[in-house]
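Keep the sequence and the 3D view side by side while reading. The paragraphs below go from one part of the chain to the next.

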Amino acid sequence: MRLRVIATDYDGTVAKDGVLSPAVRTAIAKARKRGLLVVIVTGRILSELRSVAGCLDFVDGVVAENGAVVALPSGHITLLGAPPPMCLIEKLTKRGIDFKVGRCVVEMEAEFANVAISLIRELELPLAITFNRGRMMLLPASISKSSGLRHLLDTLGVSLHNAVGIGDAENDHELLAVCEHGVAVSWGSSRLKEAADFVIVGNGPDAVADYLEQISVDIRIPADSSSHRKVVLEEIEGQPPFEIEVRSRNILVAGDSSSGKSWLAGMLVEQQILQGYTVHVFDPEGDYSSLALLPNTVVLGGGRMLPHGDDLKMLLQQGISVVLNLSHLDHGAKCEYIEHHLPLVAQHRRERGFPHRIMLDECHYFLGGALGRRLLDFQLDGYMLVTYRPSQLPIEVLKEIDVIAVTRLAEQDEVDVLRDLLDQKSDHYVDSHDWYEELASLNISEAALLPPTEETNGQLRRFIVAPRLTAHVRHRTKYYEIPVSKEEEFVFTNQGEPVGHSAATLQELAVAAKHVPSDVLLGHCCHHDFSRWIATVFGDHSLANDIRQLESELKADGLVERFMNRFSETVEKRYESR
């Protein structure tokens, strides 16, 4: 992940008794010279900050009054909250309380908290109290350091996911949480240190100066993390979710054709988009178009509006997630487009910090030979590569992979490639002798996470793929009535012998399920044949998961008639809005 901005608190972090550390000022200047943006995020009133720090053009922006005021070096100021209510000011004055008033904030000693709460309730004010050491601030409930920083970085065209936040006190929790990497100082709040990704050891602002020098040399966000942002691979009711970190990691999703690998990859992309990351997807087969339903995501191509060159650069500058559907191009044109535009996207990420993840489906077609190393910028990581032929990827590419997730993979040669990669990357022995059977037996709704990824604890970790918000695109509506080929039909059998019924469409399958003998239905359910056929032939994993649940219920209770009715209802309901 590209480091683009450092957001630091002022008092107690880079300043002592209001005075900015000269070493910090020097470190900030060096960081900005190296291309980083540096901003101050403080609880101070803006005029007070100017009085103690002098001219504020040594940073790229200021968030003051704990998020209520955003100021740029040009002098432009934005208020994100309403002015303090006069009725509150009058009440505090009458009570003889010593307080300060900013453009939005009312600040006083923390010992007056009970008085403030009483007045807020009495006057029915939409205000919240935020403590900062021995002081407290009254602000609109929606205001915090995170909301102010979000506004400032939006104005500067930078993502919070490319930011490091540094603080020392209670009011910095929101700052650290909203930044991709949160840093506390060792002389600050113990609770903040517990929540931080990293703690700067020292006894004052000069230690922060050393830290700024250290991180501004590297173009990447520091790798050490407490992992407050993860993706969920498996979510079973009553059990802790199975999660993994993806930041600063390259991911390989491998599996046989029609094994669910695109569904798994789409799920990983979807979760990252929903967390506010931007993802750029090169989609050779048009499998990810449904991601357009997600916030700030567009799908282009598929026969129209496929951006080239400068048009793609302009699109990248908008900071949105993009799916490039190349399914309308022939293979040569796909290769040419990816060879030209994949480095362009990587270069933009190097310059601006986003997209945060770049995904390439069917990657074995496009990364062969020396192309892999030339097309991919592994210094910044953040790639997701999807393939059914990991054996065709250059070893230089495979060595850069940090996480391997596998759907059903039956070919031993392909499994051997992954085992060899494990042997090269693992520092200790991992027993992988039974991987052939494990990976070949994965159900359509299952996948496996392979060692040496830390979350596996040195063992192949099998899991049921978590649900998705968006559907997998396999042109699903046409299969309700349009038949598949004879070879792909579902044939009803009894102990391996056909019983005279078959289905070439989902509509036919729903009808036929009501007319075949009970023992035939039970036999297919025991082997999960219906759900496997739906997932394999149509790629409709959502429907397949629903049918698999019905199959399991029939195995348990034997109520064939109920199964037949619910089976037909489930299929028909899935396509009733076609």
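Which residue just after α19 takes a positive phi? In this predicted model, the residue is G558, with a phi of about 70°. The helix before G558 covers residues 541-557. With 17 residues at 1.5 Å a residue, α19 should span 24 Å, and because its end C-alpha atoms are 24 Å apart, the expected and the computed lengths agree. The buried residues of α19 are H541, L543, A544, I547, L550, E551 and L554. Salt bridges are also found in this region: E553, D557, R562 and R566 are linked by them in a network.

A second positive phi occurs in a hairpin. Strand β26, residues 490-494, pairs with strand β27, residues 497-503, in the antiparallel sense, and four bridges join them. T493 has P498 of β27 opposite it. Two residues lie between the strands of this hairpin, and Q495 takes a positive phi near 55°.

Next comes a sheet. Nine strands make up an open sheet with mixed pairing, and their order is β19-β20-β18-β21-β22-β17-β23-β24-β25. At the edges are β19 (297-301) and β25 (461-464), each of which pairs on one side only. On average, neighbouring strands of the sheet are turned by 15° against each other, direction ignored. Strands of a sheet pair through backbone hydrogen bonds, in either a parallel or an antiparallel way. Within this sheet, β17 and β23 (residues 403-406) run parallel and are joined by four bridges. One pair to look for is L252 and its bridge partner in β23, I404. In a regular strand, side chains alternate between the two faces of the sheet.

The loop between β24 (446-449) and β25 holds T456. Is T456 buried or exposed? Its relative accessibility is 5%, so T456 counts as buried, the cut-off for a buried residue being under 20%. Leaving aside neighbours within four places in sequence, the residues in contact with T456 are L449, L450, P451 and R461.

Now turn to the nonpolar cores. The largest has 45 residues, and F282, L360, L385 and L439 touch the most other members. Helix α11 (residues 331-352) contributes the most to this core, giving six residues. L360 shows what such a position looks like: not counting neighbours within four places in sequence, L360 is in contact with F282, I338, L342, F366, L367, M384, L385 and V386. There is also a second, separate core of 44 residues, and L49, V183, V208 and I215 are among its members.

Helix α8, residues 205-217, contains P205. At 12% relative accessibility, P205 counts as buried. Beyond residues up to four places away in sequence, P205 touches T13, V14, A15, K16, S21, V24 and W187. By contrast, D311 is 106 residues away along the chain, and 45 Å separates its C-alpha atom from that of P205.

How many salt bridges does a search of the whole structure find? The search gives 32. In one of them, the side chains of R135 and E107 meet at 3.1 Å, N to O. R135 is in strand β11 (residues 135-140) and E107 in strand β9 (residues 106-109), so this salt bridge ties together parts 28 residues apart in sequence. The two partners fall into separate classes of exposure: R135 is partly exposed, with a relative accessible area of 21%, whereas E107 counts as buried at 11% relative accessibility.

Another salt bridge joins E180 and R247, with 3.7 Å between the closest N and O atoms. This pair links distant parts of the chain, 67 residues apart: E180 is in the loop between α6 (173-178) and β13 (181-185), and R247 is in the loop between β16 (242-244) and β17 (251-254). Both E180 and R247 are buried.

The last salt bridge described here is between D218 and R220, whose closest N and O atoms are 3.4 Å apart. Are these residues buried or partly exposed? D218 counts as partly exposed at 30% relative accessibility, and R220 is partly exposed too, its relative accessible area being 32%.

Notes
Residues are numbered from 1 along each chain as its sequence is written. This is a predicted model: local features need pLDDT of at least 70, side-chain atom pairs count only at pLDDT 80 or more; totals for chains, interfaces and linings use all residues. Side-chain values use heavy atoms; hydrogens and water are left out. Two strands pair if DSSP finds at least two bridges between them. A salt bridge is a side-chain nitrogen of Lys or Arg within 4 Å of a carboxyl oxygen of Asp or Glu. Buried means under 20% relative accessible area, exposed over 50%, partly exposed in between (1.4 Å probe, protein chains only). The expected span of a helix is 1.5 Å times one less than its number of residues. Axes are lines fitted to C-alpha atoms, for helices over the stretch in contact, and angles run from 0 to 180 degrees between N-to-C directions. A nonpolar core is a set of buried Ala, Val, Leu, Ile, Met, Phe, Trp, Tyr and Cys residues joined through side-chain atoms within 4.5 Å. Contact means heavy atoms within 4.5 Å.
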